[in-house]
Amino acid sequence: MHRVCLVGRGDLSEWRDAARALAAAGLSPQQVDWRIGGAEDELFEAAPDLPTPDPAAAPLTVPAGFLSLAESVACHTEPGRFHLLYRLLWRLQSDRRLLELTADKDVAWARLLAKNVHRDSHKMTAFVRFKEITGQAEGRRRFFAWFEPSHFVVARTAPFFRRRFADMDWIIATPRGTASWDGESLIFDTRPGENPGHGDPTDELWRTYYASIFNPARLKLKAMQAEMPKKYWRHLPEADLIPDLIANAEANVRAMAERAASDPPPFHHRLQEAARTLPPHMPADAGTVEALREAALGCTRCPLHCAATQTVFGEGPQEARIMMVGEQPGDQEDLAGRPFVGPAGRVFDAVLKEAGIARETLYLTNAVKHFKYVPRGKRRIHERPNRGEIEHCRWWLAKEMELVKPSLVVALGATALYALSGQQGPLSRLRGKPIAMQDNIVLYPTVHPSFLLRLPDEAERRRQHGLFVEDMKTIGHLSERLAAQ
Ligand code: URA
């Protein structure tokens with residue numbers, strides 16, 4: 001019996017080199033004892049005992065598919081994995097179609113191990129949570145994540161994070177190795193990492209965000225538990241919210257259905273009625289934002305006023321230096337009569353807080369002042385305003401700008417950008433590039449907060465959340481520079 005000792009931390013090449021030598025020496029699977037867990041310098045301790053390879057032996061070949069299967073199996077923590085791989089390699093030399101026999105015990109076992117590894121790798125892409133390492137010198141932002149995978153998946157999954165988070169430095173430490181990226185090299189260390197137990201001031205904001213986007217009406221408990229097994233919860237700052245959100249889901253769905261009934265709540269009709277009694281033509285000379293708001297309550301410039309509950313006008317100090325412009329009020333804003341108080345507003349509040357901008361210092365408004373929606377069952381589904389509606393409502397936006405006189409106007413999303421500048425180019429190209437407007441006003445285009453709510457992928461949402469916070473910080477600095485001019 002020849003004993004081979006491998007480090008066995010997910011690196012196929014150490015097994016492959018050993019397997020090649022053993023097979024060339026004619027050693028059958030029954031003659032090899034594969035051991036795992038040796039230090040690197042103990043590797044392949046049986047090598048000196050190997051019989052000299054037979055020079056006449058046919059070279060080893062394997063069918064397509066074996067190497068990628070073996071790469072996955074090598075990452076599993078199953079102690080018998082290298083023995084299994086060697087058995088498959090040996091049998092493949094006389095049976096080229098072995099891998100097609102899905103009922104074969106060795107093949108089925110290898111496929112099952114590979115499946116576990118793929119799943120673990122997928123979970124890592126979904127549940128790694130980066131925490132910012134603060135107090136660093138100027139330069140790229142640095143992040144740390146602690147994760148506990150079931151298998152040796154760090155090296156194979158790290159390229160995903162390099163693609164996703166290329167613009168920041170990061171370290172992912174696990175008990176099964178550590179990967180790090182500095183913008184140039186992706187480095188992997190097989191030694192167990194350590195969890196320094198970093199807290200992160202953004203955890204609280206992340207919890208707010210999660211609670212905002214949790215939709216009780218879409219809760220599928222079984223699917224959620226399968227997709228997000230409890231063992232991963234400890235990596236998630238939002239984890240302790242989940243039991244309550246689940247427990248209250250049914251009650252919240254009922255409340256949502258009542259709130260979002262297509263029969264508008266009683267005060268909807270009263271407000272609509274009151275608006276109809278206002279003078280149809282608004283004074284063009286309203287001297288304050290308050291007077292302008294009063295006038296806008298009776299706005300009938302476009303048909304959107306017919307179905308909406310009320311005009312949702314801008315709010316904030318008339319002397320605000322920054323004006324932020326969204327698209328149009330949503331369902332909750334329509335009922336409350338205030339901008340940005342629904343789910344997008346909660347995300348926006350969290351982002352502002354993280355960027356150090358106080359909402360009360362901003363003038364917040366929308367390109368279109370009435371909620372546009374289509375009723376679907378008991379729900380009112382948001383619909384994008386069209387050009388005509390935006391253009392009618394631009395009258396109000398221009399008046400708000402005249403009175404507030406901001407030095408910086410932020411377009412949140414494509415509708416606001418169109419209303420403010422007439423530009424229709426892709427937002428991805430225009431985002432973050434200030435545009436000079438008349439009266440020395442600077443226009444700063446960025447995304448709308450609801451863009452973050454729509455991203456299905458958690459990792460991408462995190463990245464975009466970070467970018468949005470960066471935009472807000474830039475806006476804060478820009479506004480200070482403009483004030484100092
Ligand atoms: N989306 C907007 O654009 N504005 C709001 O007020 C709410 C959601």
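Rings of Phe, Tyr and Trp (for Trp, its six-membered ring) pair if their centres lie within 6.5 Å; planes under 30 degrees apart count as stacked, over 60 as edge-to-face and the rest as tilted. Keep that in mind, as aromatic rings come up often on this tour. The model is a predicted one, so local features need pLDDT of at least 70 and side-chain atom pairs count only at pLDDT 80 or more, while totals for chains, interfaces and linings use all residues. Residues are numbered from 1 along each chain as its sequence is written, and side-chain values use heavy atoms, with hydrogens and water left out.

**Stop 1: the whole chain**

Start with a cartoon of everything. The protein has 19 helices and 14 strands; these are DSSP runs, with helices being H or I of at least four residues and strands being E of at least two, numbered from the N terminus. Now switch on the surface. About 24,000 Å² is exposed, and carbon and sulfur atoms supply 53% of that; accessible areas come from the Shrake-Rupley method with a 1.4 Å probe, and for residues only the protein chains shown count as cover. Of the 485 residues, 49% count as buried, where buried means under 20% relative accessible area, exposed over 50%, and partly exposed in between. If you draw a contact map, with contact meaning heavy atoms within 4.5 Å, consider the pairs at least 6 apart in sequence: 73% of those contacts join residues at least 24 apart.

**Stop 2: a five-stranded sheet**

Select β3 to β7 next. In what order do the five strands of this open sheet run? The order is β3-β4-β5-β6-β7, with mixed pairing. β3 (131-132) and β7 are the edge strands, each pairing on one side only. Two strands pair here if DSSP finds at least two bridges between them.

Zoom in on β6, residues 177-181, where four of the five residues are buried. On one side, β6 pairs with β5 (residues 169-174) in the antiparallel sense over five bridges. A hairpin of two residues joins β5 to β6, and you can pick out W170 with its bridge partner W181 in β6. β6 also pairs with β7 (residues 186-189), again antiparallel, over four bridges. Here T178 has D189 in β7 as its bridge partner. The hairpin of β6 and β7 has four residues between the strands, and G183 in this hairpin takes a positive phi near 95°.

**Stop 3: aromatic rings**

Show the Phe, Tyr and Trp side chains. A search of the whole structure finds 16 aromatic pairs. In F130 and W170, the ring centres are 6.1 Å apart and the planes stand at 45°, so this pair is tilted. The pair links distant parts of the chain: F130 is in the loop between α4 (105-127) and β3, whereas W170 is in strand β5, 40 residues apart. F130 counts as buried at 8% relative accessibility, and W170 is buried too, at 1%. Widen the selection to F130, F143, F160, F161, F165 and W170, which form one aromatic cluster.

Move on to F340 and F348. Their rings form a tilted pair, 5.3 Å centre to centre with 40° between the planes. F340 is buried at 5% relative accessibility, and F348 is buried at 0%.

**Stop 4: charges over rings**

A charge sits over a ring if NZ of Lys or CZ of Arg is within 6 Å of the ring centre and within 35 degrees of the ring normal. Select K369 and F313: the lysine lies over the face of the ring, at 5.6 Å from its centre. Then select R394 and Y418, where the charged end of the arginine sits over the tyrosine ring, 5.5 Å from its centre.

**Stop 5: two positive phi values**

Return to F340, in the loop between α13 (331-336) and α14 (343-355). F340 has a positive phi of about 55° although it is not a glycine.

Finish at N440, in the loop between β13 (435-436) and β14 (442-446). Is N440 buried or exposed? N440 is exposed, with a relative accessible area of 69%. Its phi is near 60°, a positive value in a residue other than glycine.

Definitions and conventions. Buried means under 20% relative accessible area, exposed over 50%, partly exposed in between (1.4 Å probe, protein chains only).
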